[in-house]
Amino acid sequence: GDLLVRIDPSTYEERVAAARHRLAEDQSELKRITQEETNLDRVYQKIVADWEDSQREYQKALKLREQGINTDSDIRRATMELRQHEKNKLASNNERDLLPLRREQTERRIETHTTDLKLSELDLARTFIRPPFDGVLSAVHVERGQYVKVGDPLLTITADAEVEIPLSVTLDDYAKLLPLVRDDQFPVVELAENETDKHRWKGHV
């Protein structure tokens, strides 16, 4: 329909922009998490490889100690290196375990902010006031520059496809019309703006 009233969209445009910004931040965070998963998987593979090497070195040091080739300090050094790699492996595992939780939280924020964006865009669209049906603009209740709030009447539109007009009739005419109307025989009437004018409209009782 035709545009009847335009409500100042500034506030609603800012809300839409803010909602889009929050959603873009969430999507960027989701991409970062995906990249972190890839990076941590790569780092974890390297840590596991180092841990396996340190295990072999530790076993080798034990055998050499049994043969009396190396010293207790060599064993301690191999043990410390193995424990350090085990610590790194555990820390990397813990870090990787947190990523699914971060991903889930980010996806929930995306859902929330997507809803916020849709509602903000809906509010912005409602700043364009158009008639819900065809008709005639019969009254304007606001002026340009006036502040309005939810529930304030803006316009009155009269649907002109079918108009009901209350008219008074005499008691005799009522007695004649009532049986016809009850039998679904609706008499035709001709209407004019006043008694002296020619009729402009036709209707049914």
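1. A good place to start is the surface. The chain exposes about 16300 Å², and carbon and sulfur atoms supply 51% of that area. Please keep in mind that this is a predicted model. Of the 205 residues of the chain, 17% count as buried.

2. The overall dimensions go well with a look at the viewer. The C-alpha trace spans about 135 × 45 × 20 Å along its principal axes. The radius of gyration is 41 Å, whereas a compact globule of 205 residues would have one near 17 Å.

3. On to the secondary structure. There are three helices and six strands in the chain, and along the sequence they follow the pattern β-α-α-β-β-β-α-β-β. Among contacts with a separation of 6 or more, 63% are between residues 24 or more positions apart.

4. Helix α2 deserves a moment of your time. It covers residues 72-125, 54 residues in total, and reaches 79 Å from its first C-alpha to its last. That span is close to the 80 Å expected at 1.5 Å a residue. What do the buried residues of α2 pack against? Their partner is α1 (10-66). The buried positions in α2 include Ile75, Leu82, Leu99, Ile110 and Leu117, and among them are also Thr79, Ser92, Thr106, His113 and Ser120.

5. Two residues bring α1 back into view. Arg32 is found in helix α1, and its C-alpha atom is separated by 9.8 Å from that of Arg103, although the two are 71 residues apart along the chain. Arg32 counts as partly exposed because its relative accessible area is 45%, which falls between the 20% and 50% limits.

6. Now for the charged pairs: the structure holds 14 salt bridges. In one of them, Glu121 pairs with Arg20, with the closest N and O atoms 3.2 Å apart. This pair links distant parts of the chain, as Glu121 is in helix α2 and Arg20 in helix α1, 101 residues apart. Both partners are partly exposed, Glu121 at 31% relative accessibility and Arg20 at 49%.

7. Another salt bridge stays within a single helix. Glu104 and Arg108 both lie in α2, four residues apart, which is about one turn of the helix. Their closest N and O atoms are 2.6 Å apart. Is each partner exposed or partly exposed? Glu104 is partly exposed, with a relative accessible area of 35%, while Arg108 is exposed at 52%.

8. A further salt bridge joins Arg126 and Asp123, where the closest N and O atoms are 3.8 Å apart. Arg126 counts as exposed at 51% relative accessibility, and Asp123 as partly exposed at 29%. Elsewhere, salt bridges that share partners join Glu29, Arg32, Glu36 and Arg102 into one network.

9. Which residues form a nonpolar patch on the surface? They are Leu4, Leu137 and Val140, with about 250 Å² of accessible area together. Leu137 is found in strand β3, residues 136-140, and it is partly exposed, with a relative accessible area of 45%.

10. One last spot to check is Glu164, which lies in the loop between β4 (155-158) and α3 (171-182). Glu164 counts as exposed because its relative accessibility is 71%, above the 50% limit. The C-alpha atoms of Glu164 and His204 are separated by 9.7 Å, with their positions 40 residues apart along the chain.

How values were computed:
Residues numbered from 1 in each chain as written. Predicted model: local features only at pLDDT ≥ 70, side-chain atom pairs only at ≥ 80, totals over all residues. Heavy atoms only, no water. Patch = residues over 30% accessible without salt bridge, like charges linked within 9 Å, V, L, I, M, F, W, Y side chains within 5 Å. Areas by Shrake-Rupley, 256 points an atom, 1.4 Å probe, with all protein chains shown as cover. Salt bridge = Lys/Arg side-chain N within 4 Å of Asp/Glu carboxyl O. Helix = DSSP H or I, 4+ residues; strand = E, 2+ residues; numbered from the N terminus. Buried < 20%, exposed > 50% of the residue type's maximum accessible area, 1.4 Å probe, protein only. Expected span 1.5 Å × (residues − 1). Contact = heavy atoms within 4.5 Å. Rg over C-alpha atoms; globule rule 2.2 N^0.38 Å.
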